[in-house]
Amino acid sequence: MRAHIQAEIAESGGWISFARYMDLALYAPGLGYYAGGAAKFGAAGDFITAPEMTPLFGRTLAQTALRVLHATGGDILELGAGSGRLALDLLRELETRQALPVHYCILEVSPDLRARQRELIAAEAPHLLERLVWLDQLPAAFTGLILANEVLDAMPVHLVHWLNGEVFERGVIDQAGEFAWQDALLLEGPLRQAACAIEPGLDYLSEINLAAPAWIASLAQCLERGVILCLDYGFPRSEYFHPQRDSGTLRVHYRHHSLDDPFYLPGLCDLTAHVDFSAVADAAIESGLDLLGYTSQANYLLNAGLLDLMTEMSPMSSDYLRAASSVQKLLQPSEMGELFKAIAFGRGATQDLHGFRRGDRRAAL
């Protein structure tokens, strides 16, 4: 992976944007983090996502899916399905409620993860495989629920350095065989336009994700009727570019450790940045979608019935105790409850999504 990136730097005249570096480190065919065969999720991987913690997460999202499918008569499309655990838990819950969609589509760019998803469903619920459809690209038209759990944070971001009234893009160079930073004056274009609209301080480094608005616009183009639900960690713009957050949000995850150096073991580490939900909302609205709700993950899960599902379990069982520990992490403000957010957009869909009944923060966007 290192040699591959160094070759790209040489071919590009000695400098590449960090967005390009991140794209290669995560997605280069056969070499990138998400294109390789190492375990990524769960105890054996580098981080644990909500679906890996407890089936209650997927079962709770199924309550939203149930309403959307009933209203639209459509299908489910999951973007970046990870290990496949969310799809499995969600489909099992819908099956118990006799509300399975005809198709559960998965758009997954990683061949390795596609194989793992198929293996999981085949091992634990083989009768559901007939409903699974893996896609190579977005469908031209879709009706139903589009679901994205921790997808936006994995999109390559540009690093922008505001310094004494000038705006620079921070890029990557090869310095005697080692990667190093180098700023370049940001010229006219979409990135400079986005950066000049922010102006956070005299010496401030942060990320701008140009891929996310383009991504939401493409979803809007294919959604004929239904809901797009995204869950991820991030902030509205006023918090994202807070004066005290002057070093950005870029993080590296390796074997359950959070690191600062994005040049550490490229291809073997996950690179991630928090989501600017204001930018995502702006792009969705400009693309003709309705903003249906925005709130913390804790509020969303509580509104959607997470605790109701827990009451169906025996409080004396070991499963209940494990679930209670995971639920605490999902809901606690000091864990995932506040940092993670839920945001929903729709077209021709109900404005009454129960996950946003209380604690809706659309005004903060």
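1. Strand β5, residues 142-149, is a good place to start: 7 of its 8 residues are buried, leaving the strand mostly covered. Keep in mind while reading that this is a predicted model.

2. Who sits beside β5? Strand β2 (residues 75-79) runs parallel to β5, and 4 bridges join the two. If you want a contact to click on, take Asp-75, whose bridge partner in β5 is Gly-144. Strand β10, residues 223-235, also pairs with β5 in the parallel sense, this time over 8 bridges. There, Ala-148 has Cys-230 of β10 as its bridge partner.

3. The sheet carries on from β2 to β3, again in the parallel sense, with 4 bridges between them. Leu-79 stands opposite Leu-107 of β3 in that pairing. Strand β3 covers residues 104-107, and its side chains split neatly: Tyr-104 and Ile-106 point one way, Cys-105 and Leu-107 the other, and all are buried. That fits the general pattern, since side chains in a regular strand alternate between the two faces of the sheet.

4. On to the cysteines. How many disulfides does the count come to? The count is 0 disulfides. Cys-230 shows why for its own case: the closest cysteine sulfur, in Cys-222, is 12 Å from the sulfur of Cys-230, too far for a bond, given that a disulfide needs the two sulfur atoms within 2.5 Å. Cys-230 is the β10 residue that partners Ala-148, and its relative accessible area is 1%, so it is buried. Cys-196, by contrast, has a relative accessibility of 32% and counts as partly exposed.

5. Salt bridges are a different story, with a count of 18. One of them links Arg-59 to Glu-312, with 3.0 Å between the closest N and O atoms. Arg-59 is in helix α4 (residues 55-72), while Glu-312 is in the loop between α12 (306-310) and α13 (318-331), so this pair ties together parts 253 residues apart in sequence. The two ends have unlike surroundings: Arg-59 counts as buried at 18% relative accessibility, whereas Glu-312 is exposed, with a relative accessible area of 54%. If you're setting a burial flag, note that 18% falls on the buried side because the cut-off is under 20%.

6. For a local example, look at helix α6, residues 111-124. Arg-116 and Asp-112 both lie in this helix, 4 residues apart, about one turn of the helix. Their side chains meet in a salt bridge at 3.0 Å, N to O. Here the acid is the buried partner, Asp-112 having a relative accessible area of 18%, and Arg-116 is partly exposed at 30%.

7. One pair I'd look at in the viewer is Arg-251 with Asp-260, whose side chains form a salt bridge with an N to O distance of 2.0 Å. Arg-251 counts as partly exposed at 26% relative accessibility, and Asp-260 as exposed at 60%. Elsewhere, salt bridges with shared partners join Arg-59, Glu-93, Arg-97 and Glu-312 into one network, so the Arg-59 and Glu-312 pair of point 5, which ties together parts 253 residues apart in sequence, belongs to a wider group.

8. Now for the second largest pocket, which has a volume of about 430 Å³. Its lining has 22 residues, and the closest to the pocket centre are Ala-194, Asn-209, Pro-213, Arg-237 and Ala-279. What is the lining like by class? There are 15 nonpolar, 2 polar and 5 charged residues.

9. Which elements build that lining? At least two residues each come from β9 (203-208), α8 (211-222), α9 (237-240), β14 (275-276) and α10 (277-286). Helix α10 gives the most, with 5 residues.

10. A last detail concerns helix α10, where Ala-283 has its place. Ala-283 is buried, with a relative accessible area of 8%. The C-alpha atoms of Ala-283 and Pro-213 are separated by 5.1 Å, although the two residues are 70 residues apart along the chain. Pro-213 is also one of the residues closest to the centre of the second largest pocket.

Notes: Residues are numbered from 1 along each chain as its sequence is written. This is a predicted model: local features need pLDDT of at least 70, side-chain atom pairs count only at pLDDT 80 or more; totals for chains, interfaces and linings use all residues. Side-chain values use heavy atoms; hydrogens and water are left out. On a 1 Å grid over the protein atoms alone, a cavity is a set of points where a 1.4 Å probe fits but cannot get out, and a pocket is an open set with protein on both sides within 12 Å along at least five of seven lines; lining residues have an atom within 4 Å of a point. Grid points are joined across faces, edges and corners, and a volume is the space filled by probe spheres set on the points. Ala, Val, Leu, Ile, Met, Phe, Trp, Tyr, Cys and Pro count as nonpolar, Asp, Glu, Lys and Arg as charged, and the others, Gly among them, as polar. Buried means under 20% relative accessible area, exposed over 50%, partly exposed in between (1.4 Å probe, protein chains only). Two strands pair if DSSP finds at least two bridges between them. A salt bridge is a side-chain nitrogen of Lys or Arg within 4 Å of a carboxyl oxygen of Asp or Glu.
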